[in-house]
Amino acid sequence: MTVAERPADKHASWRGRAESAEADRTSAETDDAESIKELRSQSRRLLGWMMRPHKKAIGFLCGILVVQNFTSMATPLLVMFGIDHAIPAIGERDDYSVLIAIAVTFAAVAIVKYVCVRLYIAQSAKVGNAMLYALRNRVFRKFQALSVSFHERFTSGRVTARQSSDMEAIREMTENGVDDLVLAGLNVVTITIVMLVLDPLLAAVSLMTFPLMLLLGRWFSRVSALAYRRARETVALLIVYFVESMGGVRAVQAYRREERDRELFADLNTDNRFAQAKGHQQNAFMSGGMRAIGHLATVVVLLFGGWQVMQGNTEVGVLAAFLLYMKRFFDPLNELVQFYNVLQSATSALEKLSGVLDEEVEVPEPEEPRAIERPSGELRFANVRFQYREDHVVLPGLDLLVPGGQTLALVGATGAGKTTIAKLVSRFYDPTAGSVALDGVDLRDLSEQDLRENIVMITQENFLFNGTIAENIELGSPGSSRDRIVEAAEVVGAHEFIESLPEGYDTHVRKRGGRLSAGQRQLVVFARAFLADPRVLILDEATSSLDIPSERLVQRALRTILADRTAIIIAHRLSTVEIADRVLVLEQGRIIEDGRPADLIDHGGQYATLHRQWEDSLV
Ligand SMILES: Nc1ncnc2c1ncn2[C@@H]1O[C@H](COP(=O)(O)OP(=O)(O)O)[C@@H](O)[C@H]1O
Ligand SMILES: [Mg+2]
């Protein structure tokens with residue numbers, strides 16, 4: 001079965017979306033001359049950055065390759081001397097000295113070559129490892145520094161692909177093949193020179209097949225660029241799909257999506273298989289072709305050279321040297337064909353990585369942060385306009401003053417913009433226009449540290465880090481004593497369940513807190529926030545994942561947790577909203593009601609309706 005016969009694509013739409021999502025542009029994938037130039041210079045800069053600390057070592061490696069190249073040049077010459085001078089000397093004068101001298105030189109060359117190869121492999125692996133080490137760290141730090149908005153666009157699967165398959169491609173390049181590339185280049189030049197010096201006519205005939213080889217090489221680089229690109233894309237899609245499907249494995253099982261996911265995966269896997277097969281077919285054709293051309297060249301040299309020897313125009317030794325040089329000429333080029341694939345992958349990996357590294361941090365740290373002493377927690381939205389995308393305004397113009405210490409509840413239909421307001425207060429995003437300020441200081445002027453110390457947001461995704469429960473609570477205020485950690489757990493009502501665990505506070509939460517229930521995880525997160533003691537606490541649907549008994553527990557603790565600080569609560573259950581001092585009802589990013597809960601109920605608007613429905617549901 002060939003690629004063309006691949007079964008009809010049943011999942012074209014997912015693939016389309018995934019492909020466009022995975023389309024971090026690389027030069028092989030865009031026709032726009034400007035962006036190709038930009039990408040190339042980006043990745044050259046990155047390569048330069050990787051190589052800079054190792055300038056000396058790389059220079060040393062190049063030196064080794066030059067010496068190694070000379071050793072390969074020497075052996076055919078020694079053979080030539082052997083045939084043309086050493087053997088005649090024995091025949092004519094019974095003189096073995098020339099042959100012995102040649103043998104000794106031969107041995108010396110072999111030793112030099114051994115040293116070169118050994119040094120090269122050890123040194124290049126060291127340099128390659130060091131470069132990769134620095135790159136991995138840099139990419140990790142960059143992904144960490146990039147804003148939430150970047151990660152909302154750039155899926156976890158793609159992040160994984162950058163750290164795995166792209167790094168692997170670069171590692172392969174640094175580990176094997178660079179020497180072939182350099183040696184092939186050196187060989188072509190030096191062999192041509194030596195042959196021209198030895199016998200210009202025979203050299204011209206020997207190199208006649210060179211243009212043929214160049215043509216084949218050009219053809220191959222064009223078609224294989226396509227095939228290998230396809231192969232790389234399909235591998236990346238496999239990784240992206242795998243990571244995302246496994247990341248959501250609970251949902252997949254809950255909704256019985258296994259069958260569909262399996263089909264999709266098998267489909268992508270098939271794509272990859274055929275893309276790889278196509279690449280290998282071309283590779284086979286190219287390798288075979290190169291070898292055939294090499295042999296053809298040898299035949300030509302043998303025929304023409306033999307005739308020349310018969311005519312007395314050249315020596316047998318020269319012909320022998322030429323035949324050996326032909327082999328040395330074509331063999332590295334053959335290796336290069338294999339390396340071409342590695343080089344292509346590495347180039348596009350470099351382009352993708354440099355693309356990520358050049359991403360701008362959308363919420364940059366201020367150059368000169370403004371200090372904020374003992375803030376009261378007053379929040380002010382001044383004419384805030386916000387949109388995630390060009391075509392859709394989420395907040396058209398929000399004016400809002402939340403005095404320090406107030407507990408504010410946000411109510412409104414899904415999509416009204418509640419979470420967006422919370423994200424703006426946490427500065428996951430900056431407003432498109434207008435400003436958000438804490439105690440009169442624009443959030444953009446606050447240092448990251450002040451921001452994170454003063455404003456904490458808890459969402460439904462109650463994330464626990466790998467470690468013990470105590471460590472997870474301690475994150476709120478690193479360095480806290482065990483007493484304070486326990487106290488925080490007691491306040492939020494988490495102490496009892498933690499004590500009932502096998503190792504109490506020292507129980508390890510499994511990856512993603514797998515051992516605890518959603519409600520228990522949320523209680524741990526509450527304890528962490530309480531220990532952090534921020535001026536502003538935001539709860540975005542934070543109690544929605546709790547079962548009724550756990551919610552009661554938190555409910556009771558909530559008054560304590562929220563006392564003495566500004567709080568923004570987003571909740572569907574009005575039981576949580578009731579404790580607020582003030583309620584805002586939002587509709588499409590606009591405030592349509594604003595007041596104390598009791599007043600709003602009397603006022604008979606939307607909140608009153610919601611409240612009546614909630615009361616009815618309780619009966
Ligand atoms: N990351 C995002 N990118 C693009 N649009 C978004 C993003 N997050 C939310 N939106 C859009 O912004 C609007 C408000 O969303 P959100 O603030 O999450 O509403 P709520 O929390 O009130 O349900 C919705 O129309 C939603 O589709
Ligand atoms: Mg929301």
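In this predicted model, the buried residues of helix α3 pack against three other helices, namely α4 (97-145), α7 (178-198) and α12 (316-357). The buried set in α3 consists of L61, I64, L65, Q68, N69, S72, P76, M80 and A86. Helix α3 itself covers residues 55-93, 39 in number. From the first C-alpha to the last, α3 reaches 54 Å, close to the 57 Å expected at 1.5 Å a residue. The helix is nonetheless kinked, by about 40°, with the kink centred on G82.

What follows at the end of α3 is worth a brief look. D94 comes just after the helix and takes a positive phi of about 60°. This residue sits in the loop between α3 and α4, and the sign of its phi stands out in a residue other than glycine. As background, most residues other than glycine have a negative phi. D94 counts as exposed because just 7 other C-beta atoms lie within 10 Å, where the limit for that class is 12 or fewer.

Beyond that loop, helix α4 contains V117. The C-alpha atoms of V117 and L65 are separated by 8.5 Å, although the two residues are 52 apart along the chain. L65 belongs to the buried residues of α3, whereas V117 is partly exposed. The reason for the latter is a count of 14 other C-beta atoms within 10 Å of V117, which falls between the limits of 12 for exposed and 20 for buried.

Turning to the overall layout, the chain is divided into domain 1 (33-357) and domain 2 (379-618). The C-alpha centres of these two domains lie 56 Å apart.

Ligand 1 comes next. The residues around it are E152, Y388, R389, V394, G412, T414, G415, A416, G417, K418, T419 and T420. Helix α13 (418-425) and strand β1 (379-389) each supply at least two residues of this shell, and α13 gives the most, with three. Sorted by class, the shell around ligand 1 has six polar, three charged and three nonpolar residues.

Helix α19 (residues 548-562) offers a second helix to examine in detail. Its 15 residues should span 21 Å at 1.5 Å a residue, and the end C-alpha atoms are 20 Å apart, so the two values agree. A bend of about 35° occurs in α19 at R556. Buried within this helix are S550, E551, L553, V554, L558, I561 and L562. The packing partners of these buried residues include both strands and helices: β3 (407-412), β9 (536-540) and β10 (566-570) on the one hand, α16 (482-492) and α18 (518-532) on the other. Just after α19, D564 takes a positive phi of about 65°.

Another positive phi is found at Q588, which is not a glycine and has a value of about 45°. Q588 is placed in the loop between β11 (582-587) and β12 (590-595). With 14 other C-beta atoms within 10 Å, Q588 is partly exposed, because that count lies above the 12 allowed for exposed residues and below the 20 needed for buried ones.

Conventions:
Residues are numbered from 1 along each chain as its sequence is written. Chains are lettered from A and ligands numbered from 1 in the order in which they are written. This is a predicted model: local features need pLDDT of at least 70, side-chain atom pairs count only at pLDDT 80 or more; totals for chains, interfaces and linings use all residues. Domain bounds come from an automatic or database domain assignment. Helices (H or I, at least four residues) and strands (E, at least two) are DSSP runs, numbered from the N terminus. The expected span of a helix is 1.5 Å times one less than its number of residues. The bend at a residue is the angle between axes fitted to the seven residues ending there and the seven starting there. Two residues are in contact if their C-beta atoms, placed from the backbone, lie within 7 Å. A residue is near a molecule or strand if its C-beta atom, placed from the backbone, lies within 6 Å of it. Ala, Val, Leu, Ile, Met, Phe, Trp, Tyr, Cys and Pro count as nonpolar, Asp, Glu, Lys and Arg as charged, and the others, Gly among them, as polar.
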